[in-house]
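Welcome! Here is a short briefing to help you find your way around this structure, one topic at a time.

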Amino acid sequence: SDTEKQLKTILSKRIMMMDGAMGTMIQQHHLTEEDYRGKQFSTFASPDGQRELFLKGNNELLSITQPDIIQQIHESYLEAGSDIIETNTFGANSVAQDDYYMPHLVYEMNLESARLAKNAANKYSTPDKPRFVAGAIGPTPKTASISPDVNDPGARNINFDQLVVSYQEQTRALIEGGVDIILVETVFDTLNCKAALFAVNAVFAEQSSRLPLMISGTVTDASGRILSGQTVSAFWNSIRHAKPLTIGLNCALGAALMRPYAEELSKIADTYICIYPNAGLPNPMSDTGFDEKPHDTSSLLKEFADSGFINIAGGCCGTTPDHIRAIAEQVKDVSPRVLPTLDTYTRLAGLEPLAIKEGTLFINVGERTNVTGSKAFAKLIIEEQFEEAVSVARHQVENGAQVIDINMDEGMLDSLEAMQHFLNLIASEPDIARIPIMIDSSKWEVIEAGLKCVQGKAIVNSISLKEGEESFIKQAKLCLNYGAAVVVMAFDEKGQADTYERKIEICKRAYDTLVNNLDFPPEDIIFDPNIFAVATGIEEHNNYAVDFINATKWIKDNLPYAKISGGVS
């Protein structure tokens with residue numbers, strides 16, 4: 001988009017400034033319940049009329065009831081030097097607004113918030129300093145990766161599809177209100193983030209236009225992980241398919257504690273970095289609720305800038321226009337971070353990253369959690385002995401599996417239900433969930449259900465040209481939108497490839513279709529050129545092994561970055 005080009009031009013020249021906290025500034029107005037309600041909602045009550053309903057604290061409602069205050073906050077940040085301001089929409093989604101019985105107002109909240117921010121930005125924009133509005137999409141108060149019930153690890157109080165519906169509604173309204181950028185922020189669960197990215201992408205597709213995308217994760221404590229357990233590099237591997245303009249970190253920590261994670265991201269991400277920390281750690285005695293003064297926060301961020309970590313700086317909880325002014329002053333003469341040139345290799349993730357590079361040895365895929373390959377595992381799943389089934393997965397990881405293959409294709413099972421349940425169970429076992437998942441099924445709807453349960457970067461096993469090019473492209477596109485790598489079987493409309501010539505012909509056709517038509521990352525393509533049965537004594541089987549080995553060499557020589565998987569029965 002033109003905006004993206006414009007932003008990239010500015011980012012190549014200087015460090016840009018975001019705004020600071022919205023909630024902190026609202027608090028300084030000491031608004032009452034009546035102020036929050038305004039004239040419009042003075043008599044608003046819970047639908048059953050049974051309980052007293054407090055709207056105080058529903059900051060997004062203020063875009064409708066107190067627009068002047070919100071616009072004035074935006075202007076105070078622009079005045080302080082912000083290039084990009086965020087809409088007042090962090091919790092303007094149906095999931096969060098359910099708590100106030102206000103999901104029906106979500107569209108209006110986002111629309112009005114976007115318009116207010118846009119008015120303010122237009123007022124301060126000049127040809128040499130254009131101002132931009134980022135439509136803020138918060139994480140929702142519910143998490144798709146973590147059970148709300150300690151006794152039932154497979155339970156969820158929200159799923160991927162429900163999140164997608166909520167995020168699509170918000171995205172459409174923000175775009176209609178005129179935002180320049182979409183910002184998915186404060187990510188504490190990568191699966192929620194992947195649902196937001198899926199939703200945003202769907203809205204871009206239906207509107208045939210794309211806005212720049214910013215993504216910001218939240219490391220919750222000194223473990224260096226987000227709340228749902230992922231490390232910073234696993235988080236990046238899981239969401240880089242969205243091709244964001246920026247990746248970064250915000251909230252939970254002050255800049256001092258955020259430093260190692262900002263440094264790590266700046267090295268591994270081949271895109272711009274945006275960092276907006278809290279004003280230190282919370283302090284209930286302070287008037288903003290946080291300790292750091294503008295001088296403290298700005299000198300920490302100046303050190304980030306001097307170290308070459310950042311392209312955009314701003315503030316989260318506890319920061320004010322004074323903080324933003326001080327940061328802007330400190331970083332104004334520092335050169336922006338230069339984007340690193342990274343090698344192309346396969347980057348997968350569970351809770352931790354898995355890199356498959358030139359010098360990487362064999363990757364072992366644990367196949368014991370496959371009902372078609374293990375009678376013992378199939379029996380456990382059919383008899384619903386899930387605890388024992390989970391321990392099969394654990395043993396696979398303990399014995400050196402670097403990826404775990406999960407398949408529930410068994411006539412006596414509801415394979416879709418079984419796939420979801422099992423993936424939800426292992427998501428709450430960090431010793432298993434740390435490695436990437438291979439979602440394995442001959443039924444596309446089971447694969448797709450599985451992709452909606454996995455927060456890391458998974459592998460889909462498998463897609464092929466068996467049902468023709470149209471179906472192949474559709475499935476590959478979805479894998480791309482869910483952020484998954486793919487195993488591509490050497491299989492086309494005429495059947496499985498059983499000779500060297502057929503193997504290379506099908507793999508080349510599949511590769512060209514994916515890479516040239518879909519811009520599918522070639523390093524995320526894993527070919528399975530079919531080993532078939534070896535040493536059976538049947539004459540037409542005699543060349544199977546040699547054909548597989550020769551096809552492997554040909555693929556490596558002719559289809560750059562693609563990987564090979566061989567299933568030895």
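In this predicted model, strand β4 (181–187) and helix α9 each supply at least two residues of the lining of the second largest cavity. About 50 Å³ of space lies in that cavity. The points below begin there, then move on to the other spaces, the helix contacts and two backbone details.

**The second largest cavity**

- Its lining is made up of Ile-137, Gly-138, Pro-139, Tyr-167, Val-184, Glu-185, Val-187, Phe-188, Asp-189, Asn-192, Cys-193 and Ala-196.
- Sorted by class, the lining of the second largest cavity comes to 8 nonpolar, 2 polar and 2 charged residues.

**The largest cavity**

- How many cavities of 30 Å³ or more does the structure hold? There are 2 of them.
- The largest cavity holds about 170 Å³ of space.
- It is lined by 14 residues, and those closest to the centre of the largest cavity are Ala-427, Ala-433, Ile-437, Val-454 and Gln-455.
- Which helix gives the most to the lining of the largest cavity? Helix α16 (residues 415–427) does, with 3 residues.
- The lining of the largest cavity has 10 nonpolar and 4 polar residues, and no charged ones.

**The second largest pocket**

- Turning from cavities to a pocket, the second largest one offers about 870 Å³ of space.
- Among the 31 residues that line this pocket, His-241, Ala-242, Lys-243, Leu-480 and Asp-519 are the closest to its centre.
- Helices α9 (190–207) and α19 (469–482) each bring at least two residues to the lining of the second largest pocket.
- The element that gives the most to this pocket's lining is α9, with 6 residues.
- The lining of the second largest pocket divides into 15 nonpolar, 7 polar and 9 charged residues.

**Helices α9 and α10**

- Helix α9 also has a partner: its axis and that of helix α10 (residues 232–239) come within 10 Å and cross at roughly 25 degrees.
- Because of that angle, α9 is roughly parallel to α10.
- The crossing of α9 and α10 is right-handed.
- In this contact, Thr-190, Cys-193, Lys-194 and Leu-197 of α9 meet Phe-235, Ser-238 and Ile-239 of α10.
- By class, the contact of α9 with α10 has 4 nonpolar, 2 polar and 1 charged residues.
- Cys-193 is worth a second look, as this residue of α9 meets α10 and is also listed in the lining of the second largest cavity.

**Helices α15 and α16**

- Helix α16, met above at the largest cavity, has a crossing with helix α15 (residues 386–398), where the two axes come within 10 Å and cross at roughly 65 degrees.
- Why is α15 called roughly perpendicular to α16? The crossing angle is roughly 65 degrees, and angles of 65 to 115 degrees count as roughly perpendicular.
- The crossing of α15 and α16 is right-handed.
- On the α15 side, Phe-386, Ala-389, Val-390 and Ala-393 meet His-421, Phe-422, Leu-425 and Ile-426 on the α16 side.
- This contact of α15 with α16 has 7 nonpolar residues, 1 polar residue and no charged ones.

**Helices α18 and α19**

- The axes of helix α18 (residues 444–451) and α19 come within 11 Å and cross at roughly 10 degrees.
- That angle makes α18 roughly parallel to α19.
- Trp-444, Glu-448 and Leu-451 in α18 are in contact with Gln-475, Leu-478, Cys-479 and Tyr-482 in α19.
- The residues of the contact of α18 with α19 divide into 5 nonpolar, 1 polar and 1 charged.
- Helix α19 takes part in this contact and also supplies at least two residues of the lining of the second largest pocket.

**Two backbone details**

- Most residues other than glycine have a negative phi, and most peptide bonds are trans.
- Ala-252 has a positive phi, near 65 degrees, in a residue other than glycine.
- You will find Ala-252 in strand β6 (residues 246–254).
- Is the peptide bond from Asn-461 to Ser-462 cis or trans? The bond is cis, with omega near 15 degrees.
- Ser-462 has its place in strand β14 (residues 459–463).

Methods: Residues numbered from 1 in each chain as written. Predicted model: local features only at pLDDT ≥ 70, side-chain atom pairs only at ≥ 80, totals over all residues. Heavy atoms only, no water. 1 Å grid on protein atoms, 1.4 Å probe; cavity = no way out; pocket = protein on both sides within 12 Å on 5 of 7 lines; lining within 4 Å. Points joined across faces, edges and corners; volume = space filled by probe spheres on them. Helix = DSSP H or I, 4+ residues; strand = E, 2+ residues; numbered from the N terminus. Nonpolar A, V, L, I, M, F, W, Y, C, P; charged D, E, K, R; others polar. Axes fitted to C-alpha atoms, helices over the stretch in contact; angles between N-to-C directions. Parallel < 35°, antiparallel > 145°, perpendicular 65-115°, else oblique. Left-handed = near helix turned anticlockwise from the far one by under 90°. Contact = heavy atoms within 4.5 Å.
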